[in-house]
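The following exercises are to be worked with the sequence and the coordinates at hand. Each task is followed by a solution in steps.

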Amino acid sequence: MLEIQHLSKTYDDGTQALKDVSFHLEQGEFLVIIGLSGSGKSTLLRCINRLVDPTEGAILLDGEDVAAAEGNSLRNFRRRMGMIFQHFNLVKRSSVLTNVLSGRLGYVNPWKSLLHRFPKSDRDKAKSALERVGLEAQTHKRADELSGGQQQRVGIARALMQEPDLILADEPVASLDPVLAHSIMGYLEKLNKEENMTVLCSLHYLDLVQRYATRVIGLKDGKVVYNGTGEDIRKIT
Ligand code: ADP
Ligand code: ADP
């Protein structure tokens with residue numbers, strides 16, 4: 001489904017965040033990217049949906065290159081990917097419903113949703129996404145009235161608005177305590193197993209990796225140093 005070929009990213013200040021990264025992702029996998037802080041996990045996920053432009057390499061989604069896409073073709077790629085962020089990236093003073101609706105416009109700029117009038121079909125879809133994460137009772141609350149775990153469930157509901165076939169989750173549980181972390185990972189697992197969504201998720205807790213990943217990619221200093229099951233993962237740390 002997704003093939004990353006020789007991907008490199010050098011930021012403007014000269015930081016080489018990714019160095020010749022290659023791997024592939026099959027439909028239906030729950031692939032976890034693990035690595036220390038600064039190893040390039042976030043850059044990798046952001047390159048895949050082009051929140052960050054890669055310096056070199058290809059990102060093939062069903063054979064078509066996302067790295068070279070522009071305009072409508074880039075928008076179409078992004079519609080297939082739902083992004084979930086470590087710090088949730090909600091518009092805190094807006095309602096839960098407005099935040100979820102913003103997923104229809106792409107997660108890149110949730111603030112745009114404040115000015116947008118959404119059709120009833122979108123509002124129905126948003127309500128159904130909130131039901132799927134058990135937040136229907138919070139629909140009209142302000143996002144910042146919710147707990148961290150609930151805010152991340154809003155983040156998941158927002159990602160579902162695009163009906164994505166690929167979920168990109170950038171350390172989705174790093175801001176949460178271990179019990180909430182399992183609850184959020186459980187929602188991702190459900191989307192993977194019951195709704196056939198492919199998941200690419202970065203993490204740094206080993207216990208979570210072994211519990212949820214069907215396969216693991218280890219990153220160190222921007223390079224792939226491991227590609228295999230969760231069992232031998234301790235060797236890379
Ligand atoms: P991780 O998600 O594993 O913590 P990141 O992808 O955030 O890793 O960072 C990889 C490296 O790139 C780090 O050295 C980080 O400081 C650097 N980096 C990340 N974003 C930027 C940026 N916008 N400009 C310059 N350097 C960056
Ligand atoms: P998160 O964990 O949510 O990715 P970070 O604190 O790692 O948050 O990064 C916040 C923002 O700062 C990101 O957009 C990232 O690209 C950028 N960033 C991270 N490291 C650097 C850096 N060394 N120089 C410039 N920007 C950076």
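**Exercise 1: A buried aspartate**

Asp170 belongs to strand 7, which covers residues 166–170. The model in which this residue is examined is a predicted one.

Task. Determine whether Asp170 is buried or exposed, and identify which side chain it joins in a polar contact of 2.8 Å.

Solution.
1. The relative accessible area of Asp170 is 6%. Buried means under 20%, so Asp170 is classed as buried.
2. Setting aside residues up to four places away in sequence, Asp170 touches Ser42, Leu45, Arg46, Met83, Ile84, Phe85, Gln86 and Ser202.
3. Among these, Ser42 is the partner in question: its side chain and that of Asp170 are joined by the 2.8 Å polar contact.

**Exercise 2: The shell of ligand 1**

Task. List which residues surround ligand 1, state how many of them are nonpolar, polar and charged, and find which helix supplies the largest share.

Solution.
1. The surrounding residues are Tyr11, Asp13, Thr15, Ala17, Leu36, Ser37, Gly38, Ser39, Gly40, Lys41, Ser42 and Thr43.
2. Sorted by class, this shell contains three nonpolar, seven polar and two charged residues.
3. Helix 1 (residues 41–48) provides the largest share of the shell, with three residues.
4. Turning to distances, an oxygen atom of ligand 1 is 2.5 Å from a side-chain N or O atom of Thr43. For Lys41, a polar side-chain atom lies 2.8 Å from an oxygen atom of the ligand. At Ser39 a polar backbone atom is involved, 3.2 Å from a ligand oxygen.
5. Ligand 1 exposes 560 Å² when taken alone, and the protein buries 61% of that area.

**Exercise 3: Burial in helix 1**

Task. State how many residues of helix 1 are buried, and which they are.

Solution.
1. Helix 1 is mostly covered, with six of its eight residues buried.
2. These are Lys41, Thr43, Leu44, Leu45, Cys47 and Ile48.
3. Just after the helix, Arg50 adopts a positive phi of about 65 degrees.

**Exercise 4: The shell of ligand 2**

Task. Identify which residues are found around ligand 2 and what part of its area the protein buries.

Solution.
1. Ser42, Arg46, Gln86 and His87 are the residues around ligand 2.
2. Taken alone, ligand 2 exposes 550 Å², of which the protein buries 30%.
3. By class, the shell has no nonpolar, three polar and one charged residue.
4. A side-chain N or O atom of Gln86 lies 2.8 Å from an oxygen atom of ligand 2.

**Exercise 5: Helix 6 and Leu188**

Task. Compare the expected span of helix 6 with the distance between its end C-alpha atoms, then describe what surrounds Leu188.

Solution.
1. Helix 6 (residues 178–194) has 17 residues. The expected span is 1.5 Å times one less than the number of residues, so 24 Å is expected here; the end C-alpha atoms are 24 Å apart, in agreement.
2. At the N-terminal end, Asp177 acts as a cap, with a side-chain oxygen 3.0 Å from the backbone nitrogen of Val179. Just after the helix, Asn196 takes a positive phi of about 60 degrees.
3. The buried residues of helix 6 include Leu188, whose relative accessible area is 0%.
4. Beyond its neighbours within four places in sequence, Leu188 is in contact with Phe30, Ile84, Ile156, Ile167, Ala169, Pro172, Val199 and Cys201.
5. Of this set, Phe30 is 158 residues from Leu188 in sequence, while their C-alpha atoms are 9.0 Å apart in space.

Technical notes:
Residues are numbered from 1 along each chain as its sequence is written. Chains are lettered from A and ligands numbered from 1 in the order in which they are written. This is a predicted model: local features need pLDDT of at least 70, side-chain atom pairs count only at pLDDT 80 or more; totals for chains, interfaces and linings use all residues. Side-chain values use heavy atoms; hydrogens and water are left out. A residue is near a molecule or strand if one of its heavy atoms lies within 4 Å of it. A polar contact is a pair of N or O atoms within 3.5 Å; within protein, one must be able to donate a hydrogen and the other to accept it, and residues adjacent in sequence count only if both atoms are side-chain atoms. Accessible areas come from the Shrake-Rupley method with a 1.4 Å probe; for residues, only the protein chains shown count as cover. Helices (H or I, at least four residues) and strands (E, at least two) are DSSP runs, numbered from the N terminus. Ala, Val, Leu, Ile, Met, Phe, Trp, Tyr, Cys and Pro count as nonpolar, Asp, Glu, Lys and Arg as charged, and the others, Gly among them, as polar. Buried means under 20% relative accessible area, exposed over 50%, partly exposed in between (1.4 Å probe, protein chains only). Contact means heavy atoms within 4.5 Å.
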